[in-house]
Amino acid sequence: MYNEIVNYIKELFPEQTERVMLHNPCFNGNEKKYLNECIDSTYVSSVGPFVDRFEKEIAQYTGAKRAIVCVNGTNAIHLALMLAGVERGDEVLTQPLTFIATCNALSYCGAYPVFIDVDRDTMGLSPSKMEEWILQHAELKDDSLYNKATGRRIKACVPMHTFGHPVHLDELVELCKKYHLELIEDAAESIGSLYKGRHTGTFGRIGCLSFNGNKTITTGGGGMLLFNDEKLADLAKHISTQAKVPHPWDFVHDAIGYNYRMPNINAALGCAQLEELPTFLKKKRELAALYKTFFDKTGIEFFADSAETESNYWLNAIVLKDRNERDEFLEYSNSHGVMTRPIWRLMNKLPMFEHCECGDLTNAEYFEDRVVNIPSSVRL
Ligand SMILES: *Cc1c(COP(=O)(O)O)cnc(C)c1O
């Protein structure tokens, strides 16, 4: 059966003759034109018209009031947590089934993750598991939530929309209100993904996007913060530009800032990629539908989105029978010209985070043993 799957995938990507990759970037639009314009203008660094344009267009596209560029998605999350008031010694509720960047970013703030399980239908942070954990382990005191065992303040909640599949946002928004938690969405994988018609990353206080080379659209490296709060967006821009007070010639800084702003040359690439996004999304959803039909026939679960969401299907995923079957398939496909890879090792199993607090992680462990990503590039 593995050879049937591998052959089918090769048929889907006939142009990738050597090896079918997991996710290739696609540059068929104005990328070279805008890059040339950018170089000709000499404005290749952190100030320039493409940066402003990229921010405006992403805000328009996502429906966020404002968007602020970052050098990458990881520092977008770092900045978001700082702006939301996450401080040294705080705890942050997040999922163990995520890319390392989520947990690294909160570690930069000196905060500790508390790992809450994911839902079986979204692969993302589970509102019901989160409330279950809060009711057992936390208490509200003076408008803040505290962990009863550690005494630490629990300041924020960071869900991640795994492979582009939105989490149950209505329920999470409600819980965060109820327990005074700042909601920061790690929407690094979900540009173009909608929850009840609204773009992911716009439900919490701040949303974070990534434009790494393997994401749905790329700026080489890059990230973006999404805001509904103008003042917070202004502060993000200030802090990410070394906290330099605007002045025609003088260098005055009024806080500890960061050099986190995306250069114009990356934004030029981003503007061109954003024009292509609707086509990419259409093709990615078409590919997912083909996979779904194919895997339904083989009896293997293809992970699909629900009626209330529209996933970008950044990376397609199948759920195999057990860890054994997972490893057999990984071995077979990777040695027969089709790149596949397992879902991430759970964060609580990595040496940096193995001492962190965890709720019941039944679903995360289920997915860790079974999920494999299969080739997901935009088909030419
Ligand atoms: C890609 C990604 C990020 C950010 O990555 P960068 O490479 O720093 O842009 C953050 N979180 C998740 C879940 C991601 O997949």
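**Close-up views of the ligand site and two sheets**

Helix H4 gives the largest share of the shell around the ligand, 3 residues. Helices (H or I, at least four residues) and strands (E, at least two) are DSSP runs, numbered from the N terminus. This is a predicted model: local features need pLDDT of at least 70, side-chain atom pairs count only at pLDDT 80 or more, and totals for chains, interfaces and linings use all residues. Residues are numbered from 1 along each chain as its sequence is written, and side-chain values use heavy atoms, with hydrogens and water left out.

**View 1. Residues around the ligand.** The ligand has 16 residues around it. Thr74, Glu189, Ser210, Asn212 and Lys215 come nearest (near: a heavy atom within 4 Å). By class, the shell holds 5 nonpolar, 8 polar and 3 charged residues. Ala, Val, Leu, Ile, Met, Phe, Trp, Tyr, Cys and Pro count as nonpolar; Asp, Glu, Lys and Arg as charged; the others, Gly among them, as polar.

**View 2. Polar side chains at the ligand.** A side-chain N or O atom of Thr74 is 2.5 Å from an oxygen atom of the ligand. For Ser210, a polar side-chain atom lies 2.7 Å from a ligand oxygen atom. For Lys215, the distance from a side-chain N or O atom to an oxygen atom of the ligand is 3.2 Å. On its own, the ligand has 380 Å² of accessible area, and the protein covers 94% of it (Shrake-Rupley method, 1.4 Å probe).

**View 3. The pocket.** The second largest pocket holds the ligand. A pocket is an open set of points on a 1 Å grid over the protein atoms alone, where a 1.4 Å probe fits, with protein on both sides within 12 Å along at least five of seven lines. A molecule sits in it if more than half of its atoms lie within 2 Å of its grid points. Helix H4 (73–83) and helix H5 (101–108) are the elements that give two or more residues to the shell.

**View 4. The sheet of 4 strands.** This open sheet runs E12-E14-E16-E15, with antiparallel pairing (pairing: at least two DSSP bridges between two strands). E12 (301–302) and E15 (341–342) stand at the edges with a single partner strand each, so one side of each lacks a neighbour in the sheet. E15 and E16 (residues 371–374) pair over 2 bridges. Pro342 has Val372 in E16 as its bridge partner.

**View 5. The sheet of 3 strands.** The order is E9-E8-E13 in an open, antiparallel sheet. E8 (residues 194–195) and E9 share 2 bridges. Tyr195 stands opposite Arg198 in E9.

Methods
Polar contact = N/O pair within 3.5 Å; in protein donor to acceptor, adjacent residues only side chain to side chain. 1 Å grid on protein atoms, 1.4 Å probe; cavity = no way out; pocket = protein on both sides within 12 Å on 5 of 7 lines; lining within 4 Å.
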